[in-house]
Amino acid sequence: MKNRNLVSITDYSKEDISEILRLAHLFEQKTNQRILENKVIASLFFEPSTRTRLSFESAINRLSGRVIGFSEAGSSSVSKGESLKDTIKTVANYSDLIIMRHPLEGSAKYAGEVSDVPVINAGDGANQHPTQTLLDLYSIYKTQGTLENLNIFLIGDLKYGRTVHSLLMAMSKYNPVFNFISHKKLRIPDEYKMFLHDLNIKYYEHTEFTDIISRADIMYMTRVQKERFSDPIEYEKTKDIYILRNNMLTDTKDNLKILHPLPRVNEINEDVDKNEKAYYFEQAKNGVYTRQAIISAILGLKPENN
Ligand code: CP
């Protein structure tokens, strides 16, 4: 992983993922360390973010590194017409690593190609969100004790949800069964179904989940991605179809955990938050340890407690 870009979750092998999870566990044991002293990391967010940006920045600060960057393109020279290429080449002169979120699919791959320092994709349009996936895998491993042979329910916006796309590709290494639950206009794109078909991975598509919820080991809820819709009426028609409520969880498995990359809008009622099967806020916390693991692996640094 040293000096390599992390653009897509497919950049990491099963062994790479195991190493990230091992490192994340070490950082969870000892979150405050000094291993990033003298490192400057650029955080370039061309799209809004709370968890990804702040958990990366928290991760870096807790390892004694320094962060430069911006949280909206309007405060950078992009607003004067500067190209992404020139922006990345310039920022690479000032930093040891670039973390970037951008609305265009493929932007992270392009940034990685023109940058002299490694690039981490913090979300590129509806395409990929690999660091979210690694924290999702860490959360699943922590709560299930394994990543193998799980029944994964992916619910909500499976068309535009980049976290779903990355998670599906990663979990496919661990012999899962997938249940996709979505409105017909937000179904999982064909390219991902072909990906699963080629790997002989079982998947089922549904428009309802109340009758089958008892089978789930992981329920991965997602927000309908308003910002990706060109027609606001289509968003209104699809936004509140799947709402998980506490009384729906009565006959679910003991090991079930409910994950959500967040932010949520209406898709998980607040009465679920107090259920011990709700894990989404702990999941977000796991983002700090996992992102510490990713940064240290890319910069070739070991945790002090390794
Ligand atoms: N999960 C996630 O990407 O959240 P943010 O958009 O707040 O970073």
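In the predicted model, the ligand is surrounded by Ser49, Thr50, Arg51, Thr52, Arg101, His129, Gln132, Pro261 and Leu262. By residue class, this shell comprises 2 nonpolar, 5 polar and 2 charged members. Residues of the shell are contributed both by domain 1 (9–127 + 287–299) and by domain 2 (130–284), so the ligand lies between the two domains. The space that the ligand takes is the largest pocket.

Oxygen atoms of the ligand take part in several polar contacts with the protein. For Ser49, a polar side-chain atom is placed 2.6 Å from a ligand oxygen atom. The contact of Thr50 is made through the backbone, with an N or O atom 2.8 Å from an oxygen atom of the ligand. In His129, an N or O atom of the side chain lies 3.0 Å from a ligand oxygen atom. The ligand taken alone exposes 250 Å², and 91% of this area is buried by the protein.

Apart from the ligand site, the structure was examined for enclosed space. It contains 3 cavities of 30 Å³ or more. The largest cavity holds about 90 Å³ of space. It is lined by 13 residues, of which Gly156, Thr222, Val224, Lys239 and Tyr242 are the closest to its centre. The lining of the largest cavity divides into 6 nonpolar, 4 polar and 3 charged residues.

The second largest cavity has a volume of about 60 Å³. Its lining is formed by Arg51, Ser55, Gln132, Leu135, His260, Pro261, Tyr280, Gln283, Ala284, Gly287 and Arg291. Arg51, Gln132 and Pro261 appear in this lining and also among the residues around the ligand. Ser49, Thr50 and His129, whose contacts with the ligand are described above, are not part of the lining of the second largest cavity.

How values were computed: Residues numbered from 1 in each chain as written. Predicted model: local features only at pLDDT ≥ 70, side-chain atom pairs only at ≥ 80, totals over all residues. Heavy atoms only, no water. Near = heavy atom within 4 Å. Polar contact = N/O pair within 3.5 Å; in protein donor to acceptor, adjacent residues only side chain to side chain. Areas by Shrake-Rupley, 256 points an atom, 1.4 Å probe, with all protein chains shown as cover. 1 Å grid on protein atoms, 1.4 Å probe; cavity = no way out; pocket = protein on both sides within 12 Å on 5 of 7 lines; lining within 4 Å. Sits in = over half its atoms within 2 Å of the grid points. Nonpolar A, V, L, I, M, F, W, Y, C, P; charged D, E, K, R; others polar. Domains from an automatic or database assignment. Points joined across faces, edges and corners; volume = space filled by probe spheres on them.
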